[in-house]
Amino acid sequence: MQSSAIKLILFSSVLYFSSCKNGSSNTHTDTMVADTLQNNSPEKKPPTADYKPFFPGQTRAPEVKTRTPLTVQVLDTTLGHPWGITNLPDGRFLISDKFGTMRIETLEGKLDKKITGFPKVIPKGQGGLLDVIADPDYVHNRTIYFDYSELQPDSSALLAIAKGNISKDESTITNVKVIYRATPAFKGHGKYLQYGSRILIDKNKTLFVSSGERSDDEVRVQAQWTKSSLGKIIHITTDGKPVHDANFPDSADAKPEIYAYGFRSPEGMDWNPQTGEIWEAEFGPRGGDEVNIIKPGKNYGWPVITYGIEYRGVKVGDGIQQKQGMEQPVYYWNPSVSPSGITFYNSDSIPEWKGNLFLGCLSGSHIDRLIIKDNKVIGEEWLLADKGERFRALRVGHNGALYAITDGGKLYKISTQHIINKKP
Ligand SMILES: [Ca+2]
């Protein structure tokens, strides 16, 4: 589907140029809105609110098309309810299933091993066995880190982060230990919703975990509380101890493991290989999905600022989009695309993709490709939009192909002929 020649490549420098000619910053924004309405973005539907972007290119970047001839394959349709996918050192994938198991899948999409023995999870709503990542020394220690929704004795639920070792025969998880619980647990209407839960590990073997704000009005305010683990990015050791890098001098009871705060449902996180920074994607309210660059101690604004509205159709809070002391998203979508797992493409196999950010989209039912330059989005492409899939998470294989898992239990591979013929 992507083999057609490129039709259109427009860069945001065009936007900058046209807006700079007009002088004042208000005019810049007006020009941007006019460009938005011209709809050279892949998004053709009107936004749910007439909020104006803070800077040109913050939403509806110009549409781009991949020029490399691509081959799209469905390698497997039997994944069940996959949620997280990670690379093992030998090139195979480790894929979690919301109902409490994992599987090892080859680059060719063959089920290699099924792993059981995980803790009891609640596979309801957005909960279940969620993300997974392998330890950098997996070859020697067979350690993985994973998270899941955990039912508490009082019927509340929370996000638990655990580690364990995959047995030598790759059939069971052993030595499971919960290292962190994102508290407080919540038992309101949305107790099975918005866990966030994406996991990253850095070179020092410390973990970054995104924790959602759990949806309901009465609990989501905690995204702004530094004494709560909800609506946060948590930074901990592999034993669950806080890594102190944010400083909250105004809050004596702040949790030291909080790295950044003010998030709604952050289901996407990856390292930007060119800058070493964490990029995050989150479900916003209706028309407020965002991409953010995460810096320690910063406040990302939810539920005080947002470009979306409530799903019931009214403004969120005071209906403001910017506030002093709160970070602006690098990019947002209105209407929503519902981003889940994200990955930067850092292979040489498809050179024009190098440094691009790919997002698995659920309601958007496409894979979103963002061209990044100087930490700004300058182009957007919707891949596989004709498939009708909910793309849950993405990984680049060791062969340079892009793989995606779907809520319908499929494993997609997007590659070039060059990749197909190359032995893994
Ligand atoms: Ca935000």
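Is Asp374 buried or exposed, and how many C-beta neighbours does Asp374 have inside 10 Å? I looked this up in what is a predicted model, and I found that Asp374 has 5 C-beta neighbours inside 10 Å and therefore counts as exposed, since the cut-off for that class is 12 or fewer. I placed Asp374 in the loop between strand E20 (367-373) and strand E21 (376-383), and I noted that its phi is positive, at about 50 degrees, although Asp374 is not a glycine.

I then turned to Lys205, which is likewise not a glycine and has a positive phi of about 60 degrees. Lys205 sits in the loop between strand E10 (196-201) and strand E11 (206-211). For Lys205 I counted 13 other C-beta atoms within 10 Å, so I entered this residue as partly exposed.

Confidence came next. I read a mean pLDDT of 90 for the protein chain, with 89% of its residues reaching 70 or more. Over residues 1-38, however, the pLDDT is below 50, and I noted that this stretch has 45 contacts in the model beyond near neighbours in sequence. I leave those contacts uninterpreted, because predicted coordinates should not be read in detail where pLDDT is low.

I went through the peptide bonds and entered two that are cis. One joins Thr183 and Pro184, with omega at about 5 degrees, and I found Pro184 within strand E9 (residues 173-186). The other runs from Asn334 to Pro335, with omega near 5 degrees, and here Pro335 lies in a loop, between strand E17 (331-333) and strand E18 (339-344).

For the sheet I traced, the strand order is E2-E3-E4-E5, and I recorded it as an open sheet of 4 strands with antiparallel pairing. Strand E2 (82-87) and strand E5 (111-115) form the edges, each of them pairing on one side only. I noted that neighbouring strands of this sheet are turned against each other by 20 degrees on average, with direction ignored. Looking at one pair in detail, I found that strand E4 (residues 101-105) and E5 run antiparallel and are joined by 4 bridges; as one entry from this pairing, Met102 has Ile115 in E5 as its bridge partner.

Which residues of the largest nonpolar core touch the most other members? I listed Phe208, Leu357, Ile367, Val377, Leu394, Tyr403 and Ala404, out of the 90 residues that make up this core. Strand E8 (residues 157-166) gives the most to the core, with 7 residues. I followed Ala404 further and found that, residues up to four places away in sequence not counted, Ala404 touches Gly360, Ile367, Phe391, Leu394 and Tyr412. As background I wrote down that nonpolar side chains tend to be buried together in soluble globular proteins.

My last entry concerns Ala260, which lies in strand E13 (residues 258-261). I counted 26 other C-beta atoms within 10 Å of Ala260, and because 20 or more suffice for the class, I entered this residue as buried. Pro296 is 36 residues away from Ala260 along the chain, yet I found their C-alpha atoms separated by 5.5 Å. Leaving aside neighbours within four places in sequence, I recorded contacts of Ala260 with several residues, among them Ile233, Ala246, Ile294, Pro296 and Tyr300.

Terms used. Residues are numbered from 1 along each chain as its sequence is written. This is a predicted model: local features need pLDDT of at least 70, side-chain atom pairs count only at pLDDT 80 or more; totals for chains, interfaces and linings use all residues. Two strands pair if DSSP finds at least two bridges between them. Helices (H or I, at least four residues) and strands (E, at least two) are DSSP runs, numbered from the N terminus. Axes are lines fitted to C-alpha atoms, for helices over the stretch in contact, and angles run from 0 to 180 degrees between N-to-C directions. pLDDT is the predictor's confidence in each residue, from 0 to 100. Two residues are in contact if their C-beta atoms, placed from the backbone, lie within 7 Å. A nonpolar core is a set of buried Ala, Val, Leu, Ile, Met, Phe, Trp, Tyr and Cys residues joined through C-beta atoms within 7 Å.
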